[in-house]
Amino acid sequence: MKSTSNYIVYVVAVVVVLAFTFNSCKDQFDINVLRESPKMVVYCFPSTADTTFINVSRSIPVQQKKIADEVKAINNARISYRINRQEQVVRQKRSGQYYVTSLQRPGDQIDLAISADGIGSVYASTTIPKEVPIAQLKMQEVRRYDYESGRAQKYIQMQPTFTDDAASADYYAVSVSAKGYFRKNGGLYQGYLPTEIALDSAWFRMEINPKDEPLLKPLSDLDSNFGFESGSYNRFYIFDDKQINGQTYTMHLNVSDWFNDYQLKNIKYFTELYCITRDYYLFIKSLNDAANNGLARVGLAQISPIYSNIVGGIGLLGAYTVNRKEPDKR
């Protein structure tokens, strides 16, 4: 153990030296790029739902010393939203948020064009991906050794099975959610709620421990020692089909059993399997890369830029479909 620790210290020292050695040539960039005029920021996530929201705002140039609360949404946006080249009616819901009410199906092409006075115009296009069903969903309790606590940890393991399409390159995301009821006169939750209170409308998206699922690319011990993390934005875990192309595959998703720790009863779970566009995948990946890079946060590596497919602006037009399933009855 001591030799391993010494090796890690040595490698870290080398990384620090190299970082300072190459810092002057690696970090050169044109500061004028960050002083440009504001750009339009657009986020829109079409799916097979009957309502699609379009959020439109503007970026803040570096030289303008403003706080986030001063960012103003764009309320004079002129929006063209087309489904298979058919223009749709766009309405405004609130400041900076617009919406389209129209049924969309897998394979539909979405074209989005937005312009506004004083900030120019932007464009993006995407296609609603196919839906990939969860054929079956099993659930079981497992125990895995936790290095931080030094003891075995109990997990609920969700095992969704699905079949990938061999004819296409596909991108996915998965999530696990849970809810339950507090026992009457049972344990407290964060110091309150001493009596039974129904939480049936409050689904909690759970953090997934990726150790048992290679598709989620769990960290090696060396990566963990270097400060890298394996968290995923909004507990929305992405992966592609490079390792499973055309196969029927069963995932092994470990989530904490903390609901039982707080003396909940009637606990229910469900798993959601998303099929997402490549742009959506790259966007979430860039957010994860930035958030999980411990070396970058202390200045020893570069932070990758956040991915965008909005031509002329910033943001994302990312489409998805989702299949939701509760565990099969035993």
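Salt bridges and exposure

Me: What is the relative accessible area of Arg205?
Reply: Arg205 is partly exposed, a class between buried (under 20% relative accessible area) and exposed (over 50%), with a 1.4 Å probe and protein chains only. The model is predicted, so local features need pLDDT of at least 70 and side-chain atom pairs pLDDT 80 or more, while totals for chains, interfaces and linings use all residues. Residues are numbered from 1 along each chain as its sequence is written, and side-chain values use heavy atoms, without hydrogens and water. For Arg205 the relative accessible area is 24%.

Me: Which residue meets Arg205 in a salt bridge?
Reply: A salt bridge is a side-chain nitrogen of Lys or Arg within 4 Å of a carboxyl oxygen of Asp or Glu. The N to O distance for Arg205 is 3.9 Å, and its partner is Glu272.

Me: Is Glu272 buried or exposed?
Reply: Its salt bridge links strand E12 (residues 204-205) to strand E17 (residues 264-276), with the pair 67 residues apart; strands are DSSP runs of at least two residues, numbered from the N terminus. With a relative accessible area of 13%, Glu272 is buried.

Me: How many residues apart in sequence are the parts that Asp117 and Arg78 tie together?
Reply: Asp117 and Arg78 form a salt bridge, with the closest N and O atoms 3.2 Å apart. Asp117 sits in the loop between strand E7 (109-116) and strand E8 (120-127), and Arg78 in strand E3 (residues 78-83), so the separation of these parts in sequence is 39 residues.

Me: How many salt bridges does a search of the whole structure find?
Reply: Another pair is Asp328 with Lys325, at 3.4 Å between the closest N and O atoms. The search of the whole structure gives a count of seven.

Notes. Helices (H or I, at least four residues) and strands (E, at least two) are DSSP runs, numbered from the N terminus.
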